[in-house]
Amino acid sequence: MEAIIETNPRRTFAIISHPDAGKTTLTEKLLLYGGAIHLAGSVKSRKAQKHAVSDWMEIEKQRGISVTSSVLQFDYQGYRVNILDTPGHQDFSEDTYRTLLAADSAVMLIDAAKGVEEQTKKLFRVCKERHIPIFTFVNKLDRFGRNPFELMEEIEKVLGIRAYPMNWPVGVDGNYQGVYNRQLAQVELFAKDDSHGQRALPSTTGSVADPVFRQALGEAVHHALCEDIALLDLAGDQFEYDKVARGELTPMFFGSAMTNFGVQPFLEEFLRLAPPPAPHRSSAGFVSPDSDVFSAFVFKIQANMNPAHRDRIAFIRICSGKFARGMSVYHVQSGKQVKLTQPQQFLAQERTLVEEAFPGDIIGLFDPGIFSIGDTLCQPGQEIRFEDFPVFPPEQFARVQAKDTMKRKQFVKGMAQLTQEGAIQVFRQPNAVESFVVGVVGSLQFEVLQYRLKQEYGVDILMHPLPYGLARWVTGQGPNAPALKGMDNGMVLEDVKGRPLVLVANEWQLKWGRDNNPGVAFLAAPPNGPAAERPSA
Ligand code: G4P
């Protein structure tokens, strides 16, 4: 029953936001308060340091974006905190979606001046569909921003979730001093220091009615705060934990990740309210994190994270039971038993060997090339399968070939690797030997493909965009897909498993194809994999 004891204190979550809202900064500050790092890089070297903390790929350093997810772990006040870092680029990527499948809750970060932005909307929708609790952190309160009531209203209107402010900013528009804790009816004021947010900040706490605080705040700020509190209490929603748990109400916090104001109160309250690891749906019903029987699923594969190692890591989320280094598990998809000898945990670029881990934890396994996204690992003799990961129908296509035909071997190896990681989808045109057709959801994936083939496999590629926007797997006609009628404008391909599909330009062409081939089904995902609607803007 050890699993039960170790399960409760886990908090496994992802931070979702639009680029530049401050996700890297907040992650860093959570690590600072969690004691995992001792100095946050808020001064000149911040850029270099922040990449050292959560980014692995060179491309991110060049472009200042995060295109790959990392996992960070620290302990705080008896909780074990697992932060899943999601890519921050505008392009919606499948990688982000898969990462959210491994999280039990999400922190939605909003820039106080900008409100709810595009990428936040898309990621929010994914979390909403999964019904996981969503917590909101309104960031950059140290600057001029929108009125907090207006931000609340925007969240409710644009995202369709009720917001419950757990705290309220004290002094806004460049005069931010701290937060008012609604539950305790207490003000917490932060002392400005000269460390530029590098160190944890001292703060003082007291009653809003205390004359000392009244004086410290100044009459105008104190008065405005009291009015806001009265209005919130009168007109705002009640706090209902059940609604939070179902993703219908978002607890809202205000702060400034850069100056550290409000970071600690957020962390503590979030850890208290965020859910412990949830049960996961499998072929044998829901698997409870309290079960003693080990189970886990692969949600991310990443090769060549460290150029010095050139290895391939499969990230697994443990769903039940206890993991112990060296244990043998059953890999359901290959039907083989695998010994897990070198499990790793990650903080920045440091890797540590994991001796044991529990439900909610994320660990990285050395992958000799056997794992794929969505695979299940479980105790030998207990064959279960976690739900298949959704496949996003690609929307952009290009024909790709190696510039130098002598590099064909490395090219094929690199393409196979990136396909297994789920970074791209690869198709083959019958009879085309030298080239592949690549399908992606967002165009950034093309850039990553080009970059990684060059960096990791030394292969320059030629990429020719193709004028298609939809891929449909065809069934009902046997493997003889080229016999499709009236689809001369489309392109007939095979996926990596030899299943036929057709690329067409648009819905109109697809309809034409359907009308002309009544016995054929046109599927948005491979016949035995679940389809996912790509969340649209
Ligand atoms: P991201 O990962 O969400 O893309 O955002 P990131 O943390 O990189 O932050 C984006 C910019 O916003 C950075 O400024 C960062 O310093 C700033 N920022 C983050 N939190 C706060 C905050 O609470 N208040 C204010 N005023 N700014 C904040 P930059 O100029 O792009 O980078 P840098 O030179 O500061 O590194």
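Q: Leaving aside its neighbours within four places in sequence, which residues is Lys-192 in contact with?
A: This is a predicted model, and in it Lys-192 sits in the loop between strand 9 (186-190) and strand 10 (203-207). Once the neighbours within four places in sequence are set aside, its contacts are Tyr-176 and Phe-261.

Q: Is Lys-192 buried or exposed?
A: The cut-off for exposed is over 50% relative accessible area. Lys-192 comes in at 70% relative accessibility, so it counts as exposed.

Q: How far apart in space are Lys-192 and Asn-260, C-alpha to C-alpha?
A: Asn-260 belongs to the loop between strand 11 (249-254) and helix 11. Along the sequence, Lys-192 and Asn-260 are 68 residues apart. In space, C-alpha to C-alpha, the separation is 9.5 Å.

Q: What is the phi of Asn-260, and is the residue buried or exposed?
A: Most residues other than glycine have a negative phi. Asn-260 is not a glycine, yet its phi is positive, at about 75°. With 0% relative accessibility, Asn-260 counts as buried.

Q: Asp-20 also isn't a glycine; what is its phi?
A: Look in the loop between strand 1 (10-17) and helix 2 for Asp-20. At 63% relative accessibility this residue counts as exposed. The phi of Asp-20 is positive, about 80°.

Q: At what angle do the axes of helix 2 and helix 11 cross?
A: Helix 2 covers residues 23-33 and helix 11 covers residues 263-273, and their axes come within 10 Å. The crossing makes helix 2 roughly perpendicular to helix 11. As a number, the angle is roughly 80°.

Q: How do the residues of the contact of helix 2 with helix 11 divide into nonpolar, polar and charged?
A: Helix 2 brings Leu-26, Lys-29, Leu-30 and Tyr-33 to the contact. Helix 11 answers with Val-263, Gln-264, Phe-266 and Leu-267. Sorted by type, that gives six nonpolar, one polar and one charged.

Q: How many residues of strand 2 are buried?
A: Strand 2 (residues 71-76) is largely enclosed by the rest of the structure. The count behind that is five of the six residues.

Q: Which residue in the turn between strand 2 and strand 3 has a positive phi?
A: Strand 2 runs antiparallel to strand 3 (residues 79-85), with six bridges joining them. Across the pair, Gln-73 stands opposite Asn-82. The two strands form a hairpin with two residues between them, and the turn residue with a positive phi, about 45°, is Gln-77.

Q: Which strands stand at the edges of the eight-stranded open sheet?
A: The strand order is 27-24-26-25-29-30-28-31, with antiparallel pairing. Each edge strand has a single partner, so one side of it is left without a neighbour in the sheet. From one strand to the next, the twist averages 40°. The edge strands are strand 27 (461-466) and strand 31 (521-523).

Q: Which helix packs on the sheet?
A: The helix touches strand 24 (396-402), strand 25 (425-428), strand 26 (435-440) and strand 27. Its direction makes about 25° with that of strand 26. It spans residues 408-420 and is helix 12.

Q: What is the bridge partner of Glu-494 in strand 30?
A: Strand 29 (residues 491-495) and strand 30 (residues 500-504) pair in the antiparallel sense over four bridges. Opposite Glu-494, the partner is Pro-500.

Q: How many residues apart are Arg-10 and Asp-361, which meet in a salt bridge?
A: Their side chains meet at 2.7 Å, N to O. Arg-10 counts as buried at 3% relative accessibility, and Asp-361 is buried too, at 0%. Arg-10 is in strand 1, while Asp-361 is in the loop between strand 21 (356-357) and strand 22 (362-366), and the separation is 351 residues.

Q: Which residue forms a salt bridge with Asp-367?
A: Both residues of the pair are buried, and their closest N and O atoms are 2.7 Å apart. The partner of Asp-367 is Arg-312.

Q: What is the N to O distance in the salt bridge of Glu-421 and Arg-452?
A: Glu-421 is buried at 6% relative accessible area, and Arg-452 is buried at 3%. Their side chains meet in a salt bridge, N to O, at 2.8 Å.

Q: How many salt bridges does a search of the whole structure find?
A: Arg-146, Glu-150 and Glu-154 are linked in a network of salt bridges. For the whole structure, the search finds 24.

Technical notes. Residues numbered from 1 in each chain as written. Heavy atoms only, no water. Pairing = 2+ DSSP bridges. Axes fitted to C-alpha atoms, helices over the stretch in contact; angles between N-to-C directions. Contact = heavy atoms within 4.5 Å. Buried < 20%, exposed > 50% of the residue type's maximum accessible area, 1.4 Å probe, protein only. Parallel < 35°, antiparallel > 145°, perpendicular 65-115°, else oblique. Nonpolar A, V, L, I, M, F, W, Y, C, P; charged D, E, K, R; others polar. Salt bridge = Lys/Arg side-chain N within 4 Å of Asp/Glu carboxyl O.
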